[in-house]
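Biologist: Please take one part of this model and go through it closely. Then show me what else lies around it in both chains.

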Amino acid sequence: MLDDFINQFWPSTIDGLSLGAIYALVALGYTMVYGVLRLINFAHADIFMVGTFAALWTVQTMGVSSAGGIGLIGVAVVMALVAGAVSGGSALLLEVAAYRPLRKKGASRLAALISAIGASIFIQQLFATTVIPWVFDTSKEGGKLPLNEHFVSRNDVVDLGPIHISNDKLIVFVGAVLMMIALDQFVNRTKLGRGIRSTAQDPETAVLMGVNIDRVVSVTFLVGGAMAGVAAALYFLRFEQAWFFTGFLLGIKAFTAAVLGGIGNIRGALVGGFALGLFEMYGSSLFGSEWRDVVAFSVLILVLMFRPTGILGESLQQARA
Amino acid sequence: MDGRARLGALGVYVLLVLVALWLPNEAIGSFMAPSGTDWPTMLSDQIAIYVLLALGLNVVVGMAGLLDLGYVAFYAVGGYTIASFATKYGWSFWETLLLAILFSALAGVILGAPTLRLRGDYLAIVTLGFGEIVKKTANNSSYVNGPRGIQGIPHPPTLSEFEVFGVQPLKYALLDSRPYYYLLVFLIVLTIIFVKRLEHSRVGRAWASIREDEDAAELMGVPTFKFKLAAFAIGAAIGGSGGVVFAAKQTSINPENFVFLVSALILAGVVLGGSGNMPGVMLGAFVVAWLPERFRGLQDYRMLIFGAALVLMMIFRPEGLWPSRQRKAELAEGTGGMGSMGAEVAGPGAAGATAEVGK
């Protein structure tokens with residue numbers, strides 16, 4: 001058990017970081033929406049799922065096969081652009097169709113949560129019944145869409161003694177970190193970012209100061225959705241599969257990551273994402289991979305017992321975000 | 001309440017129970033169930049179970065105001081308790097029912113004790129995680145046969161062979177679902193009486209004060225932690241009893257019976273009906289359990305429509321189909337009892353709510 005852990009330490013670390021990067025990107029969407037609306041946006045997981053299919057569509061349309069090196073980076077960028085746009089658009093649509101009417105009515109957060117669960121079921125089923133058979137010419141193997149052939153040709157680009165990093169994992173990690181830096185700058189430096197922070201802090205005062213709340217909420221959903229889309233493209237690059245139910249578990253994990261870091265806190269989402277990815281991978285090498293989800297959620301419960309508001313424990317409203 | 005009003009209320013309750021007993025009637029079934037589906041089976045396997053579970057979750061969510069997204073865990077504890085004790089040690093249904101209630105209440109305490117100091121959405125995600133832990137553990141443990149689950153769970157022993165209107169309501173067998181339905185009605189009535197008594201006691205008032213403002217409740221001398229734990233344990237016990245009946249009716253269970261969707265649907269039933277108001281909660285659970293089954297003919301599209309229906313119903317009735325008068329008043333004030341969404345400036349009372357959740 002411990003031997004496995006020691007032998008697997010470096011591979012687990014690399015896997016954990018690349019998985020954690022994806023969690024962190026998805027967690028950003030949860031945390032931003034939560035910061036502004038105090039809403040657990042359950043449908044965010046399915047926004048991510050939509051992104052994986054956008055990435056699949058891109059790869060199929062471009063006819064990519066066994067890409068490597070610079071070509072793979074190019075494919076990743078195109079996939080990220082398409083998936084980011086599609087997911088961002090879907091998130092915006094979701095806000096306008098499902099959440100805005102509730103906000104206007106001053107509904108309770110519980111009602112909004114149920115609406116989010118309903119929207120999540122709707123998007124999943126829309127893809128399972130309609131979109132996938134219509135767009136992708138494939139027999140429904142339980143709704144799972146694996147590629148027939150790998151479109152990524154994997155090779156180790158970093159080789160330092162015990163540390164081997166393959167090209168896809170490196171792209172996932174670097175791509176995710178770039179997006180996080182971009183988002184951090186956007187929220188901290190731009191006028192819209194200031195609007196988001198002020199709305200999170202105090203919506204009433206923000207309105208009095210001339211912030212257009214509806215626009216802030218829309219931008220929050222758009223940016224969060226786009227992040228999920230990029231995460232989906234990276235996920236697809238790494239695992240090469242799309243399924244209408246993919247979003248569910250990944251979504252819960254990403255939300256767990258957001259809470260682990262301190263929900264509403266953008267940097268917390270990053271810390272939480274990486275921490276969760278690492279814990280999961282170390283946990284699988286210690287107890288066997290079938291226990292990884294149990295490890296992940298147990299870590300969450302343990303962390304919250306001692307740090308009831310997450311590792312960093314601040315929220316979007318505080319200046320640090 | 002004077003004597004006559006009390007008698008009137010009692011009459012209404014008796015009438016409702018009679019309606020519930022008469023419900024498995026074929027005439028109703030011909031309209032309520034899609035053709036080719038057995039209406040009593042639908043009632044017992046789906047609707048009555050969901051109503052019972054929703055009543056249990058209502059204690060946690062509606063009365064104490066604690067958001068629990070992993071309620072299915074307690075349902076699973078109940079199901080697995082009867083499955084293991086009945087198949088491995090030959091315990092009877094009634095013995096395991098008591099044991100399962102004890103075990104699931106214990107599970108509620110085990111989950112609640114370390115986590116109930118958390119507030120709002122932190123508690124929500126922890127309970128969600130707990131639900132997944134229970135399911136995954138069942139899936140990975142060879143003691144309960146992992147993903148294959150446990151088969152051959154015995155039916156409850158027959159209590160009596162007596163027959164009324166062509167039903168043997170106390171003879172539990174494979175073919176007739178009605179006895180199980182009556183058993184569930186019995187449990188539901190017990191639960192209603194139990195919870196109703198609690199609601200109008202010191203415990204219920206403590207829950208309401210915790211739901212409305214936990215800090216104020218604590219300052220007024222309500223031992224909030226103790227009462228939150230009690231809400232968790234009672235809700236869990238009710239969920240566990242549902243799991244026992246489910247397992248005995250199905251005679252086999254596996255981890256896939258206890259997925260997150262069940263938690264989500266039961267919560268949807270509670271909120272859709274009118275969180276905190278028991279008749280509303282029962283109506284909500286009925287709708288949530290009945291709608292997807294009724295439109296089984298639409299096959300793959302039924303869940304699609306159901307998802308859209310949830311969104312629409314929340315848009316048109318955010319306070320639920322049948323909210324309590326108190327909850328309605330709260331909504332008019334703009335807080336809705338559990339705090340409103342953040343970026344929301346409509347309504348005169350919104351300021352207090354957003355400031356409160358913004359801490």
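**Helix α12 of chain A and its surroundings**

Modeller: The buried residues of α12(A) are covered from both chains: the cover includes α10 and α11 (266-287) of chain A, and α5 (93-115) and α6 (120-140) of chain B. Helices (H or I, at least four residues) and strands (E, at least two) are DSSP runs numbered from the N terminus. Contact, here and below, means C-beta atoms, placed from the backbone, within 7 Å. The model is predicted: local features need pLDDT of at least 70 and side-chain atom pairs 80 or more, while totals for chains, interfaces and linings use all residues. Residues count from 1 along each chain as its sequence is written, and chains are lettered from A and ligands numbered from 1 in the order written.

Start with the helix itself. α12(A) has 15 residues. From first C-alpha to last it reaches 22 Å, close to the 21 Å expected at 1.5 Å a residue (1.5 Å times one less than the residue count). Which of its residues are buried? They begin with R292(A), D293(A), V294(A), V295(A), A296(A) and F297(A). V299(A), L300(A), V303(A) and L304(A) complete the list. Buried means 20 or more other C-beta atoms within 10 Å; exposed means 12 or fewer, and partly exposed lies in between.

Now the wider interface. Chain A puts 54 residues in contact with 52 residues of chain B. On the chain A side, α12 (292-306) is one of the elements that give two or more residues. The others are α2 (9-37), α4 (69-105), α5 (109-135), α8 (203-208), α9 (213-239) and α10 (246-261) of chain A. The largest share, 15 residues, comes from α5(A). By class, this side of chain A has 35 nonpolar, 10 polar and nine charged residues. Asp, Glu, Lys and Arg count as charged; Ala, Val, Leu, Ile, Met, Phe, Trp, Tyr, Cys and Pro as nonpolar; the others, Gly among them, as polar.

Two of the covering helices, α10 and α11 of chain A, are joined by a loop that holds N265(A). N265(A) is buried, because 27 other C-beta atoms lie within 10 Å. Its C-alpha is 35 Å from that of I132(A), and the two residues are 133 apart in sequence.

α4(A), another interface element, also packs within its own chain. The axes of α4(A) and helix α6 (residues 167-189) of chain A come within 11 Å and cross at roughly 45°. So α4(A) is oblique to α6(A). Axes are lines fitted to C-alpha atoms, for helices over the stretch in contact, and angles run from 0 to 180 degrees between N-to-C directions. Under 35 degrees is roughly parallel, over 145 roughly antiparallel, 65 to 115 roughly perpendicular, and the rest oblique. L72(A), I73(A), A76(A) and A80(A) of α4(A) meet N167(A), I171(A) and G175(A) of α6(A). That contact has five nonpolar, two polar and no charged residues.

Next, chain B. It has 15 helices and zero strands. Of its 359 residues, 52% count as buried. Among its contacts with a separation of 6 or more, 70% join residues 24 or more positions apart.

One of the covering helices from chain B, α6(B), has a partner in its own chain. The axes of helix α4 (residues 72-89) of chain B and α6(B) come within 8 Å and cross at roughly 30°. That makes the two helices roughly parallel. V72(B), A73(B), A76(B), V77(B) and Y80(B) of α4(B) meet F130(B), G131(B), V134(B), K135(B) and A138(B) of α6(B). Eight of these residues are nonpolar, one is polar and one is charged.

Beyond α6(B), D176(B) sits in the loop between α6 and α7 (178-199) of chain B. D176(B) counts as partly exposed because it has 18 C-beta neighbours inside 10 Å. D176(B) and L67(B) are 109 residues apart in sequence and 37 Å apart in space, C-alpha to C-alpha.

Finally, the helix numbered α12 in chain B. α12(B) has 17 residues and reaches 24 Å, close to the 24 Å expected. Its buried residues include M278(B), G280(B), F286(B) and A289(B). Their cover includes α3 (39-63), α7 and α11 of chain B. Helix α11 (residues 260-273) and helix α12 (residues 278-294) of chain B pack at about 130°, with axes 7 Å apart. So α11(B) is oblique to α12(B). The contact has 11 nonpolar, four polar and no charged residues.

Note on methods
Two residues are in contact if their C-beta atoms, placed from the backbone, lie within 7 Å.
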